[in-house]
Amino acid sequence: MPIRLGLLAPLLIAATLPVWASGCNSSEQSEPTRPATTGTSTRTETSAGGIDTLEGAGTEPVSVQPEGKKTALLERVSVGRHEGYDRVVFQFKDVLPGYRVEYVKPPLRQDGSGNVIKVSGEVFVHVRMELASGFDLSKNEGELVYKGPRRIGGKQAGTSVIVEAVQISDFEAVLSWAIGLSDRVDFRVTTLDDPARLVVDFRNH
């Protein structure tokens, strides 16, 4: 299924934007999580070596509907490696959006132009967040909230499975990112509070 880039995205990209591609900090591991879907465990089970076994992880789509009508404002994206998994964190200014996380097949296309977006990797996971945006339209003239990169390489973050994370669209309160992986692996979706975060972990090697 084609994935489309919103018409607002070109306005949001600036050459001088700061690069936030650092690994996830330790607080994201210790804070309590809540389940992404019924039947999906979010408990952190570790082996004798202290490696997270990613209990409840799998390759099937994971989805949750938005709880309200407020648009979640993306303010940070981080990529990092942990013992047993690589992690992508989407941090929001206020509330969590609804979401759907699933494996998809290329091509990945821009909205409007239909141009194919190149994402490095052998397989791809689509993270669709709704209601969500990196741009706050509630302000009189609008306000850019997410000032980070739209393309984050896994190599610079030290990941072993994540090759690249790329913003695909930000249009009409639907925000999408594609995560390119070196292999099809199990993933786990959890959420964190204070600040609101959507976390996607991928079993690494």
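Arg188 lies over the face of Tyr85, 5.8 Å from the ring centre. This is a predicted model. Its largest nonpolar core has 33 residues. An open sheet of six strands also features, with antiparallel pairing. Strand 12 (174–181) belongs to both the core and the sheet.

**Charges over rings**

- Arg188 is placed over the face of Tyr85.
- Arg184 has its charged end over the ring of Tyr103, at 4.2 Å from the centre.

**The nonpolar cores**

- Which residues touch the most other members of the largest nonpolar core? They are Phe90, Phe92, Met129, Trp177 and Phe202.
- Eight strands each supply at least two residues of this core. Among them are strand 3 (72–82), strand 4 (85–92), strand 5 (98–104) and strand 6 (123–130). Strand 11 (162–171), strand 12 (174–181), strand 13 (187–192) and strand 14 (196–203) are also on that list.
- Apart from this core lies another one, of eight residues. Its members include Val104, Val119, Val166 and Ile168.
- Phe92 touches Ala72, Leu73, Leu74 and Glu75, among others. Its contacts also include Pro97, Met129, Ala132, Pro195, Ala196 and Leu198. Residues up to four places away in sequence are not counted.
- In soluble globular proteins, nonpolar side chains tend to be buried together.

**The six-stranded sheet**

- In what order do the six strands of the open sheet run? The order is 2-5-6-12-11-10.
- Strand 2 (62–64) and strand 10 (151–153) are the edge strands. Each of these two pairs on one side only.
- From one strand to the next, the twist averages 15°.

**Strand 12 and its neighbours**

- Is strand 12 largely enclosed or open? Eight of its eight residues are buried, so strand 12 is largely enclosed by the rest of the structure.
- Val174, Ser176, Ala178 and Gly180 point one way from strand 12. Leu175, Trp177, Ile179 and Leu181 point the other way. All of these residues are buried.
- Strand 6 pairs with strand 12 in the antiparallel sense, over eight bridges. Met129 stands opposite Leu175 of strand 12.
- Strand 11 and strand 12 are also paired in the antiparallel sense, over eight bridges. Glu164 has Gly180 in strand 12 as its bridge partner. For Ser169, the bridge partner in strand 12 is Ser176.

**The turn between strands 11 and 12**

- Strand 11 and strand 12 form a hairpin, with two residues between them.
- Glu172 is in the loop between these strands. Its phi is near 55°, a positive value in a residue other than glycine.
- Is Glu172 buried or exposed? Glu172 has 65% relative accessibility, and exposed means over 50%, so Glu172 counts as exposed.
- Ala173 lies in the loop between strand 11 and strand 12 as well. Its phi, near 65°, is likewise positive in a residue other than glycine.

**Cis peptide bonds**

- Glu130 and Leu131 are joined by a cis peptide bond, with omega about 0°. Leu131 is found in the loop between strand 6 and strand 7 (132–133).
- Another cis peptide bond runs from Asp194 to Pro195, with omega near 5°. Pro195 is in the loop between strand 13 and strand 14.

**Aromatic pairs**

- How many aromatic pairs are there? The count comes to four.
- Why is the pair of Tyr146 and Trp177 edge-to-face? The ring planes are at 80°, and planes over 60 degrees apart count as edge-to-face. The ring centres are 6.1 Å apart.
- Tyr146 lies in the loop between strand 9 (143–144) and strand 10, and Trp177 in strand 12, so their pair ties together parts 31 residues apart in sequence.
- Tyr146 and Trp177 are both buried.
- Phe187 and Phe202 form a tilted pair, 6.3 Å centre to centre, with 50° between the planes.
- Phe187 is in strand 13 and Phe202 in strand 14, so this pair ties together parts 15 residues apart in sequence.
- Phe187 is buried, with a relative accessible area of 2%. Phe202 is buried too, at 0%.
- Phe90, Tyr146 and Trp177 form one aromatic cluster. Phe90 and Trp177 are also among the residues that touch the most other members of the largest nonpolar core.

Definitions and conventions: Residues numbered from 1 in each chain as written. Predicted model: local features only at pLDDT ≥ 70, side-chain atom pairs only at ≥ 80, totals over all residues. Heavy atoms only, no water. Core = buried A, V, L, I, M, F, W, Y, C linked by side-chain atoms within 4.5 Å. Buried < 20%, exposed > 50% of the residue type's maximum accessible area, 1.4 Å probe, protein only. Helix = DSSP H or I, 4+ residues; strand = E, 2+ residues; numbered from the N terminus. Contact = heavy atoms within 4.5 Å. Pairing = 2+ DSSP bridges. Axes fitted to C-alpha atoms, helices over the stretch in contact; angles between N-to-C directions. Phe/Tyr/Trp six-rings, centres within 6.5 Å; stacked < 30°, edge-to-face > 60°. Lys NZ or Arg CZ within 6 Å of the ring centre and 35° of its normal.
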